[in-house]
Amino acid sequence: MIEDPYLGKYVTCVSARSTDKEILKKAQDGGIATTLMVYALEEGIIDGTIVAGEGDKPWQPKPEVAMTREDILKARGTRYSISPQISWLKEATRSFGLDKVGITGVCCQMQAVRKAQLYPINMRDVPGKVAFTVGLFCMENFPYKSMQSIVEDHAAQSLGSVKKMEITKGKFWVYTERGNVATVPLKETHKYEQPGCHVCLDYVSNLADISTGSVGSPDGWSTVFIRTKVGNEIWSKAVAAGLFETKPIEEVKPGLDLLRKLAKEKIDKNQKTVEERKTFGVNKGLRNPYA
Amino acid sequence: MGLLNSVKKIMGVETKPAQVAMEKKAEATKEKKPVTNKIKLGHVHMSGCTGCLVSIADNNLGLIKILDDYADLVYCLTLADVRHIPEMDVALVEGSVCIQDHESVEDIKETRKKSKIVVALGSCACYGNITRFSRGGQHNQPQHESFLPIGDLIDVDVYIPGCPPSPELIRNVAVMAYLLFEGNEDQKALAGKYLKPLMDLAKRGTTGCFCDLMDDVINQGLCMGCGTCAASCPVRAITLEFGKPQGERDLCIKCGSCYGACPRSFFNLDVIPEFESINEIIADALKEGESND
């Protein structure tokens, strides 16, 4: 077990991508989250999973309890806006009647699940029915209107025409269905960030069973951390079943060094924000949830 | 006992495989009688609905295991015929206090006097909950109009918020309270760390509402739109509009659950990231067939 101050506890880290061509067609990166949840569903490890499905507006995510491969596949691709995944956590064990719930989400949503498991407050049945969590790396998120401003104003693209969005190499990238590419320097997007993200001290979903993200691996591949016993067992079986191509992360560029550097930047910057809250006013400060 | 042997890693004490094997052997030859004392547990029923006690009972065989190995239920009018409040290590108090009912006021004072740890079990005891809406005028005690959470009359050590409170949380608190009284130093430290946020909630105040999410999360720049509050609300008073909580405040019964469940109310980094080992410790403690008596 490795205990990295910036990358969390993990058993192993690899660069990987799915071998399922259909999944890869619309996956954001290596199709890890989609493939893992489809595999877990088909193997009976979960009987449903909370995913970020298609919302009512273009590129607005809507949390959903997916119980088929088709529904899980509909949630492929990153949506840079808030999807309150955990709002379905209890209901998944109620009207949906699930026994083994899967959850996908970003770091803070993994934290919410673990808190509900250890300190279930009006969360009856949840602790024992969380079966598998897949957490995404997350630097920050945007309210829907922020994302709209970035895409429509700064990148000057119509949301209805967008095929994919990506934050990488210092830019917010927008790809359209008809092949156009537009970028926005990240500096311009900072003011649109969700303020609650500025106290977040987790970059690579430290509390997930398996976490996955883009940074560290080449395009079309994901960096994957296998963290818990649950995660390890599912990952080993899935790899043995031929669902993933993998490479040791040490043999991949830019690899863990870049990832750790970005994790450190996020945590250091946000830790500073947390500190500054203590003396935000005059003889008064703002609340610290970690205190 | 399973529980006493199970805390290994939490305090950073790594156990090598060889040692584990030796411990197992020692365990097998251990005496039949419990090595440690059980703690004294009581259930005190103020102006509550007994749903909190039902939640305790909904731990099923887990409760039986706790009563077998870790705790004696010394007082509980619903389940036993002890008539008066005895000495207790842990008092689980449900319901709020009607200040026009002399006997109730005496009961809650007596409970504090007789208990080492007072737990406000459920949202009525913590926050008043539905009894916040009481205003008297009903037969045949129309003057019974004022109800207060127990923390307004006595000092409360630990909150277990929720309406209903989750059986799992009550179980965890019971196990941790046992460790606090009867565990070794490491276990006491773990129990202290686990219980701390629930003790902090008790210090924070005696009101619960959807408004907590506004006052202490959104207004404080801490909300990140995870949606946990909506899942926890027992009356579906919370939706998320464009990723932020929207409260139907005339639906809200003022149970305080949403703020408690919110990962930006308390998020204790010395406990929650250890979820895997703590879950194992609790599961080991409740494993069937390991009873020592």
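**Entry 1. The A–B interface**

I began with the contact between the two chains, which takes 46 residues from chain A and 58 residues from chain B. I note at the outset that this is a predicted model. Between them, chain A and chain B bury about 4400 Å². Carbon and sulfur atoms carry 57% of that area. I then asked which three residues supply more than any other three of the area that chain A buries against chain B. They are A:Leu118, A:Tyr119 and A:Ile121, with 18%.

Next I looked up the polar side of the interface. I found 35 residue pairs in polar contact across the interface of chain A and chain B, both residues being at pLDDT 80 or more. On the chain A side, the elements that give two or more residues are α4 (107-118), α5 (126-129) and α8 (229-240). The largest share, eight residues, comes from α4(A).

I also checked for a charge over a ring between the chains. The charged end of A:Lys115 sits over the ring of B:Phe266, at 3.6 Å from the ring centre.

**Entry 2. B:Cys226**

I looked up B:Cys226 and placed it in the loop between α9 (211-218) and α10 (228-232) of chain B. Is B:Cys226 buried or exposed? Its relative accessible area is 6%, and the cut-off for buried is under 20%, so I entered B:Cys226 as buried.

I listed its contacts, leaving aside neighbours within four places in sequence. From chain A, B:Cys226 is in contact with A:Pro84, A:Gln85, A:Ile86, A:Ser87, A:Gln109 and A:Ala112. From chain B, the list has B:Pro263. I also took one distance: B:Cys226 and B:Ile238 are twelve residues apart in sequence, and their C-alpha atoms are 13 Å apart in space.

**Entry 3. Salt bridges**

I counted 30 salt bridges over all chains. Across the interface of chain A and chain B there are four.

I looked at B:Glu274, which forms a salt bridge with A:Lys9. The closest N and O atoms of this pair are 3.1 Å apart. B:Glu274 lies in the loop between α11 (257-261) and α12 (275-285) of chain B, and A:Lys9 lies in strand β2 of chain A, which makes this a pair that crosses between chains. Both ends are partly exposed: B:Glu274 has a relative accessible area of 22%, and A:Lys9 has 27%.

Within chain A, I looked up A:Asp20 and A:Arg69, whose closest N and O atoms are 3.0 Å apart in a salt bridge. A:Asp20 is in the loop between β3 (12-18) and α1 (21-26), and A:Arg69 is in helix α3 (residues 69-73), so the pair ties together parts that are 49 residues apart in sequence.

I then took A:Asp56 and A:Lys62, a salt bridge with its closest N and O atoms 3.6 Å apart. A:Asp56 is exposed, with a relative accessible area of 68%. A:Lys62 is partly exposed, at 36%. I also noted a network: salt bridges that share partners join A:Arg94, A:Arg124, A:Asp125 and B:Asp58.

**Entry 4. Aromatic rings**

I counted 13 aromatic pairs over all chains. For A:Tyr10 and A:Phe225, the ring centres are 4.7 Å apart and the planes stand at 70°, so I entered the pair as edge-to-face. This pair links distant parts of the chain, from A:Tyr10 in strand β2 (residues 8-10) to A:Phe225 in strand β12 (residues 222-226), 215 residues apart. A:Tyr10 and A:Phe225 are buried.

The rings of A:Phe142 and A:Phe172 are also at 70°, with their centres 6.2 Å apart, so this pair is edge-to-face. A:Phe142 is in the loop between β7 (130-136) and α6, and A:Phe172 is in strand β9 (residues 171-176), 30 residues apart. Both of these residues are buried.

I noted one aromatic cluster formed by A:Tyr10, A:Phe137, A:Tyr203 and A:Phe225. Within chain A there is also a charge over a ring: the charged end of A:Lys247 sits over the ring of A:Trp221, 4.2 Å from its centre.

**Entry 5. A:Ser149**

Last I looked up A:Ser149, which is in helix α6 (residues 144-154) of chain A. Why did I enter A:Ser149 as buried? Its relative accessibility is 18%, and buried means under 20%, so it counts as buried. Not counting residues up to four places away in sequence, A:Ser149 touches A:His154 and A:Tyr192.

Note on methods: Residues numbered from 1 in each chain as written. Chains lettered and ligands numbered in written order. Predicted model: local features only at pLDDT ≥ 70, side-chain atom pairs only at ≥ 80, totals over all residues. Heavy atoms only, no water. Helix = DSSP H or I, 4+ residues; strand = E, 2+ residues; numbered from the N terminus. Buried < 20%, exposed > 50% of the residue type's maximum accessible area, 1.4 Å probe, protein only. Contact = heavy atoms within 4.5 Å. Phe/Tyr/Trp six-rings, centres within 6.5 Å; stacked < 30°, edge-to-face > 60°. Lys NZ or Arg CZ within 6 Å of the ring centre and 35° of its normal. Buried area = accessible area lost by both parts, 1.4 Å probe. Salt bridge = Lys/Arg side-chain N within 4 Å of Asp/Glu carboxyl O. Polar contact = N/O pair within 3.5 Å; in protein donor to acceptor, adjacent residues only side chain to side chain.
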